[in-house]
Amino acid sequence: MANAYIALALLTLALSLLRSKKKRNASIPWNKVPGGLPIIGHVPHIPSILDTLEGWADTYDNGSGIVEVQMAGKKYFIICNQEKAQFIESKRPHKVIRGTKFSQALSSLKSCGLLEAEGETWKKERRLISPHFNHKNLQDYLSHANLVFSRLIKKWLSQCDAGPVTVTQDMHHAATDIISLSILGYDLDSVTAPSEIATVLDTYARLLLKRTLSPFPYWRIPIVGQYLDNGGQNTEKAVAFCKQVLADFASSSQSSNNFLVAKMLKEMGKNADQFPEERLVGNMITMFSAGTESTATTTVSCMYQLAKDKSLQEELRAEAEALEENIESIEEIRKLGTIDSRHVEIPAQSSFFLLPRFISKKSNTPLGPLTSPRDKFCAKRYLTQNENGKYVLSGSGDIPTPSMGFRSFGSGSRICPARHLSMMETSLVLTKILRTFEVSLKDGQEEMKYVVKSILAFEEDLEVVLKPRVPKASE
């Protein structure tokens, strides 16, 4: 008899929970993605996660602009329109903050910097770091980019007669070298001879993605956790490298002020506003992880589009040749029109962003003056012709902004402070490549596929055929 009462009580409880769940679901104005495994929900395949999110958004959005999905045991919301995305972003960084999992993943890799910070810590570090990426300071960093890209061009000139050149890894090395020189004043020169520390610093973005998307914090497993993905070893090497560079700078008599750490230490000395060493090193690592992969991937995507379209390539070459032979000022780079617009077109084709439990689908960025279809690459989408017939960037109404869906550098008060450094690098290297080489695709790479790595990138390395151009004076 007792068993019968227990069974009846359990049945009543189950029915009550079911009715409660149905009532909650009825009051939710958005749809949920059906199916999924018990408890953990859906487990999307990482390389195609963006396509998966797009499919769910297109299939299940009921007009509310939100689709709910459970992934890896946690509830997420796919934001399907600009109105909802803007509303969420308007609450950053005070009411909406990054999820603890993201911050924990960053902290586990000793990347305790501006990207991880919230509240008063974020305000203080933003105030100390952002001014050092303004126009005046970018001029200092331009010399570093010129040095690295001259090495890259020299390397490719020595390789191009031997067959297709794999550019993806070289672009990563170049971006890492520029960050190292611009942030630390340290010349890694991994373009010429890749070093262990350059490889370590280049892995950070991928390690961060792996830990952020993990269903549980495996790195916290005692003794072995930090070393299951090589994160422990790489973190120790990166921290030791940054500390050694700081120690060498402190003990040297050099007065150079053309890199960020020197500028920051000088400013902090004047204002008695100090970074703890852990935060200073964490910000240095953050700049490597945030600035290398994104810049290199955008540049590789630009090279791919150049190689596909020879008429565009020649047009851009003429634009590059019109600049001074030695590009030594930011003003000279800003004379570029079509080359410069590619910073907007490449990421706008594939931008998405992730906040705590919020994932935005690809945005409907504006069509621009030429009204080219959004799913087609158009290098001049955001350009108009001036009175001299030259293509220049359009007015602010045509260039996509974060409020229109262009979020490759973030938006609002938490927009990436180093975005102009990244754009300067890409414009400069494309100019040098166009002046030096005719670029063609290797057979079989006419249609490259994007997948999600640490960011959206090509599934395989890009290989191109580089044919040295006849020097301009000899044509």
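This report looks at one cavity and at how helix 6 meets helix 7 in a predicted model.

Some ground rules: residues are numbered from 1 along each chain as its sequence is written. The model being predicted, local features need pLDDT of at least 70, side-chain atom pairs count only at pLDDT 80 or more, and totals for chains, interfaces and linings use all residues, while side-chain values use heavy atoms, leaving out hydrogens and water.

Searching the whole structure turns up one cavity of 30 Å³ or more (on a 1 Å grid over the protein atoms alone, a set of points where a 1.4 Å probe fits but cannot get out; lining residues have an atom within 4 Å of a point). Its volume is about 40 Å³, counted as the space filled by probe spheres set on the points, which are joined across faces, edges and corners. Among the lining residues are Phe-149, Met-171 and Glu-425. Helix 7 (168-184), helix 12 (277-308) and helix 16 (419-436) each give two or more residues to that lining; helices are DSSP runs (H or I, at least four residues), numbered from the N terminus.

Now the helix pair. Helix 6 (residues 135-159) packs on helix 7 at about 155 degrees, axes 9 Å apart (lines fitted to C-alpha atoms over the stretch in contact, angles running from 0 to 180 degrees between N-to-C directions). That makes the two roughly antiparallel (over 145 degrees). Phe-149 of helix 6 and Met-171 of helix 7 are among the contact residues (heavy atoms within 4.5 Å).

Here are the residue classes (nonpolar: Ala, Val, Leu, Ile, Met, Phe, Trp, Tyr, Cys, Pro; charged: Asp, Glu, Lys, Arg; polar: the others, Gly among them):

| Site | Nonpolar | Polar | Charged |
|---|---|---|---|
| Lining of the largest cavity | six residues | three residues | one residue |
| Contact of helix 6 with helix 7 | eleven residues | three residues | three residues |

Conventions:
1 Å grid on protein atoms, 1.4 Å probe; cavity = no way out; pocket = protein on both sides within 12 Å on 5 of 7 lines; lining within 4 Å. Parallel < 35°, antiparallel > 145°, perpendicular 65-115°, else oblique.
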